[in-house]
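The following exercises concern the architecture, packing and surface of one protein chain. Please examine the sequence and the structure before attempting them.

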Amino acid sequence: MKEFIIHSKDSVRKEDKSTVMSLRIDLELQAKYDDLAAKSGYSRNQLMCMALQYAIDNLKFIESEEESVTPQQ
């Protein structure tokens, strides 16, 4: 699996093309993001967005057998 690499934050800002979204996560996972945010200089939100993008970029979706079977005619 590809590593999820995070470099220290630099001062370059991107154009804001974001939206607000609510997410419930386990308290232990939140603590890990808090720790990583303190070490990296990125906000917890920025790190979660990076992780979500990484997940989408490296996702392998497998359809259920019912969805992938074509009906016989």
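Each exercise below consists of a task and a stepwise solution; the model is a predicted one.

**Exercise 1. Overall architecture**

Determine how many helices and strands the chain contains, and what share of its residues counts as buried.

Solution.
1. The secondary structure comprises three helices and zero strands.
2. Read from the N terminus, the order of elements is α-α-α.
3. The chain has 73 residues, of which 11% count as buried.
4. The exposed area amounts to about 7,500 Å², and carbon and sulfur atoms contribute 52% of that area.
5. Where contacts join residues at least 6 apart in sequence, 61% of them link residues at least 24 apart.

**Exercise 2. The nonpolar core**

Identify which residues make up the largest nonpolar core, and which helix provides its largest share.

Solution.
1. The largest nonpolar core consists of six residues: Y33, A37, Y42, L47, M48 and A51.
2. Both α1 and α2 supply at least two residues each to this core.
3. The largest share, three residues, is that of α2.
4. For one core member, A37, the contacts beyond neighbours within four places in sequence are Y42, S43, R44 and L47.
5. As a general background, nonpolar side chains in soluble globular proteins tend to be buried together.

**Exercise 3. The environment of S40**

Decide whether S40 is buried or exposed, and establish which residues it contacts beyond its neighbours within four places in sequence.

Solution.
1. S40 belongs to helix α1, which spans residues 27–40.
2. The relative accessible area of S40 is 10%. Because the cut-off for burial is under 20%, S40 counts as buried.
3. Apart from neighbours within four places in sequence, S40 contacts I6, S8, K9 and L47.
4. A polar atom of the S40 side chain lies 3.1 Å from the backbone nitrogen of Y42.

**Exercise 4. Salt bridges**

State how many salt bridges a search of the whole structure finds, and describe where the partners of R44 and K39 are placed.

Solution.
1. The search yields two salt bridges.
2. In one, the side chains of R44 and D34 meet at 2.7 Å, N to O. This pair links distant parts of the chain, with R44 in helix α2 and D34 in helix α1, 10 residues apart.
3. R44 is partly exposed at 33% relative accessibility, and D34 is likewise partly exposed, at 34%.
4. In the other, the side chains of D35 and K39 meet at 3.1 Å, N to O. Both D35 and K39 lie in helix α1, four residues apart, or about one turn of the helix.
5. K39 counts as exposed at 63% relative accessibility, whereas D35 counts as partly exposed at 40%.
6. In general terms, side chains of opposite charge can pair when their charged atoms come close.

**Exercise 5. Surface features**

Find which residues make the nonpolar surface patch of about 380 Å², and decide whether E3 is buried or exposed.

Solution.
1. The patch of about 380 Å² is formed by I56, L59 and F61.
2. L59 is located in the loop between α2 (44–57) and α3 (65–68).
3. The relative accessibility of L59 is 57%, so this residue counts as exposed.
4. E3 lies in the segment before α1. With a relative accessible area of 65%, E3 is exposed.
5. E3 and Y54 are separated by 51 residues in sequence, and their C-alpha atoms are 9.5 Å apart in space.

How values were computed: Residues are numbered from 1 along each chain as its sequence is written. This is a predicted model: local features need pLDDT of at least 70, side-chain atom pairs count only at pLDDT 80 or more; totals for chains, interfaces and linings use all residues. Side-chain values use heavy atoms; hydrogens and water are left out. Buried means under 20% relative accessible area, exposed over 50%, partly exposed in between (1.4 Å probe, protein chains only). Contact means heavy atoms within 4.5 Å. Accessible areas come from the Shrake-Rupley method with a 1.4 Å probe; for residues, only the protein chains shown count as cover. Patches are made of residues with over 30% relative accessible area and no salt bridge: like charges are joined within 9 Å, nonpolar side chains (Val, Leu, Ile, Met, Phe, Trp, Tyr) within 5 Å. A salt bridge is a side-chain nitrogen of Lys or Arg within 4 Å of a carboxyl oxygen of Asp or Glu. A polar contact is a pair of N or O atoms within 3.5 Å; within protein, one must be able to donate a hydrogen and the other to accept it, and residues adjacent in sequence count only if both atoms are side-chain atoms. A nonpolar core is a set of buried Ala, Val, Leu, Ile, Met, Phe, Trp, Tyr and Cys residues joined through side-chain atoms within 4.5 Å.
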